[in-house]
Amino acid sequence: MNKKLLALIFGAGLVLAACGGGDDNADKDTDTSTDSGTTTETTSVDAEKIVSAKCISCHGQNLEGQGNFPALNNVGSRLSQDEILNVIENGKGAMPPGIISGDDAQAVAEWLAAKK
C-alpha cells in the first residue's frame, strides 16, 4: 500500500514538473510604437519556443511522440486548429488541461495545425 502511494505521488510530481513551469511572459515580444500621437501595442507569441518549453518533455524532442504521447510533428494532418486548441485547453488522455492558455494556446494551436 505504501509503495503504491509513494509511486502515485512520485508519478504525479514527475508529470507536473515535466509539463509545466517557466515564465509565461518570457515567451512574448512586446512592441509599443507611436503613430500620429496614437500608441499601439502588439504582442507576438513565439509558439515554437512555447512548444519547446512545454511539450517536448512528453511528445519528444522532434515532436515524434513517445510512449503514450502522440506525435505532434504531423498533427495538422489529423486535427484542425480548433481541435488542437480544444486539446490544449481541455486536455485529452494523459495530457492535463491548461498547460498552455490564452494567446499562447491560440498561437501554439495555429503553429501545430501547420504541421502536416
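1. Let's start at Ala-71, a residue in the loop between helix H3 (56-59) and H4. Leaving aside residues up to four places away in sequence, Ala-71 touches Leu-63, Glu-64, Gly-65 and Arg-78. Gly-60 lies eleven residues from Ala-71 along the chain, and their C-alpha atoms are 7.9 Å apart. Please keep in mind throughout that this is a predicted model.

2. His-59 is worth a look next. This residue belongs to helix H3. Is His-59 buried or exposed? His-59 counts as buried, because its relative accessibility is 8%. Its contacts, again without residues up to four places away in sequence, are Glu-64, Gly-65, Gln-66, Phe-69, Pro-70 and Leu-72. Glu-64 and Gly-65 appear in this list, and they are also among the residues that Ala-71 touches.

3. You may well wonder about the cysteines. How many disulfides does the structure hold? The number is zero. Why is there no bond at Cys-55? The closest cysteine sulfur to that of Cys-55 is in Cys-58, and the two are 8.4 Å apart, which is too far for a bond; a disulfide needs the sulfur atoms within 2.5 Å. Cys-55 counts as buried at 10% relative accessibility, and Cys-58 counts as buried too, at 11%.

4. Now for the overall layout. The protein has five helices and two strands, and along the sequence they follow the pattern α-β-β-α-α-α-α. Of its 116 residues, 26% count as buried. The protein exposes about 7700 Å², and carbon and sulfur atoms supply 52% of that area. Among contacts with a separation of 6 or more, 45% are between residues 24 or more positions apart.

5. Helix H5 deserves its own point. This helix covers residues 102-113, twelve residues in all. From first C-alpha to last, H5 reaches 17 Å, close to the 16 Å expected at 1.5 Å a residue. Which residues of H5 are buried? They are Asp-104, Ala-105, Ala-107, Val-108, Ala-109, Leu-112 and Ala-113. As useful background, residues three or four places apart in an α-helix point the same way, because there are 3.6 residues a turn. Val-108 and Leu-112, both buried in H5, come up again in the next point.

6. The largest nonpolar core has 18 residues, and those touching the most other members are Ile-84, Ile-88, Ile-100, Val-108 and Leu-112. Helix H2 (47-54), helix H4 (81-90) and H5 each supply at least two residues of this core. Which helix gives the largest share of this core? That is H5, with six residues.

7. Ile-88 is a good residue to click on if you want to explore that core. Not counting residues up to four places away in sequence, Ile-88 touches Met-95, Pro-97, Gly-98, Ile-99, Ile-100, Ala-105, Val-108 and Ala-109. Three of these partners, Ala-105, Val-108 and Ala-109, are buried residues of H5.

8. Finally, have a look at Ala-114, in the segment after H5. Ala-114 is exposed, with a relative accessible area of 59%. How far apart in space are Ala-114 and Asn-74? Their C-alpha atoms are 8.3 Å apart, while 40 residues separate the pair in sequence.

Definitions and conventions: Residues numbered from 1 in each chain as written. Predicted model: local features only at pLDDT ≥ 70, side-chain atom pairs only at ≥ 80, totals over all residues. Heavy atoms only, no water. Helix = DSSP H or I, 4+ residues; strand = E, 2+ residues; numbered from the N terminus. Buried < 20%, exposed > 50% of the residue type's maximum accessible area, 1.4 Å probe, protein only. Contact = heavy atoms within 4.5 Å. Areas by Shrake-Rupley, 256 points an atom, 1.4 Å probe, with all protein chains shown as cover. Expected span 1.5 Å × (residues − 1). Core = buried A, V, L, I, M, F, W, Y, C linked by side-chain atoms within 4.5 Å.
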